[in-house]
Amino acid sequence: MINIAICDDNVYQLQSAHSFVSSLLNVKAIAHDIQVFDSLSKLEEHMLKHHFDILILDIKYENEHRNGLAFARQCSAISFDTQIIFLTSYIQYFQEAYLYDHIYYVLKDDMEIHLKNAINKALKTINAQNNQVNSLSIPFNRRQTIVAINDIICLEKDLRKIKFYCKDIVRYLPANDINHIKNTNDLFLDTYASFDDYLPLLPDNFVQTHRAYIINIDYIKEIHNNDILMINKKLIPVSRKYRNNVNSYLTSYFLKK
């Protein structure tokens with residue numbers, strides 16, 4: 001069963017999107033439940049008790065103190081694995097939308113062309129998530145933080161702690177911690193643990209390069225003789241002890257892709 005929420009303060013658009021998505025899933029013979037909401041507040045209240053696999057959000061709402069972009073950021077904290085699709089009339093938010101976690105941006109005038117692609121992409125991602133361990137529970141700031149494994153760029157051992165550097169770190173940190181920071185590349189989650197606690201849980205795109213570092217191969221930007229540059233501009237050392245294993249691991253991994 002695929003659970004979907006559609007939120008739009010335009011009743012006509014709400015009904016139109018509901019009809020389109022329902023017809024698409026019926027053709028695919030996919031069991032589904034679609035719920036509609038005319039305000040972000042009503043949707044948020046419902047999400048505190050119920051999980052949605054897919055959210056379809058407009059961006060601008062009348063009589064709301066926030067827009068769909070801000071809500072998408074909040075959703076990442078409530079339900080990190082929910083697939084978000086923006087369905088809107090406002091093309092001017094296209095670039096800004098990519099600062100937030102979503103999988104597709106669809107203009108309402110192009111709904112019949114592109115919403116189908118968006119739903120198909122969401123379904124593919126959901127299927128992939130269901131077929132693998134896709135998250136880690138990390139004790140951070142006196143609470144358990146659920147982190148998507150495919151968000152982790154690298155792990156760094158620092159004395160008795162492990163630092164987790166993530167591609168989309170803003171989804172895991174309170175807004176007050178990041179609003180005043182322009183560069184989020186240096187932000188991380190940390191917890192008291194050892195590599196032995198987490199390395200067995202990581203998939204085959206992670207490899208240890210140094211006694212203090214484990215990297216996600218998918219987020220390598222440049223490879224040098226003695227170090228590796230990650231997409232967050234962090235330079236990871238490759239020690240002599242791990243060099244041969246890292247080289248063979250990289251070769252084997254990329255040949256399989």
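This is a short walk through the structure, from its sheet to a pair of rings. The model is predicted.

Start with the sheet. It is open and has five strands. Their order is S2-S1-S3-S4-S5, and the pairing is parallel. S2 and strand S5 (104-107) stand at the edges. Each of these two has a single partner strand, so one side of each has no neighbour in the sheet. From one strand to the next, the twist averages 20°.

Now look at one edge. Strand S1 (residues 2-7) and S2 run parallel and are joined by six bridges. Here Ile-6 stands opposite Val-36 in S2. Helix H1 (residues 11-27) packs on the sheet. H1 touches S1, S2, S3 and strand S4 (83-88). The direction of H1 makes about 175° with that of S2.

Turn next to the aromatic rings. The structure holds four aromatic pairs. One of them joins Phe-37 and Phe-52. Their ring centres are 6.1 Å apart. Their planes stand at 80°, which is over the 60 degrees that marks the class, so the pair counts as edge-to-face.

Where do Phe-37 and Phe-52 lie? Phe-37 is in strand S2 (residues 32-37). Phe-52 is in the loop between helix H2 (40-47) and strand S3 (54-57). The pair therefore ties together parts that are 15 residues apart in sequence. Are Phe-37 and Phe-52 buried or exposed? Phe-37 is buried, and Phe-52 is buried too.

Methods
Residues numbered from 1 in each chain as written. Predicted model: local features only at pLDDT ≥ 70, side-chain atom pairs only at ≥ 80, totals over all residues. Heavy atoms only, no water. Phe/Tyr/Trp six-rings, centres within 6.5 Å; stacked < 30°, edge-to-face > 60°. Helix = DSSP H or I, 4+ residues; strand = E, 2+ residues; numbered from the N terminus. Buried < 20%, exposed > 50% of the residue type's maximum accessible area, 1.4 Å probe, protein only. Pairing = 2+ DSSP bridges. Axes fitted to C-alpha atoms, helices over the stretch in contact; angles between N-to-C directions. Contact = heavy atoms within 4.5 Å.
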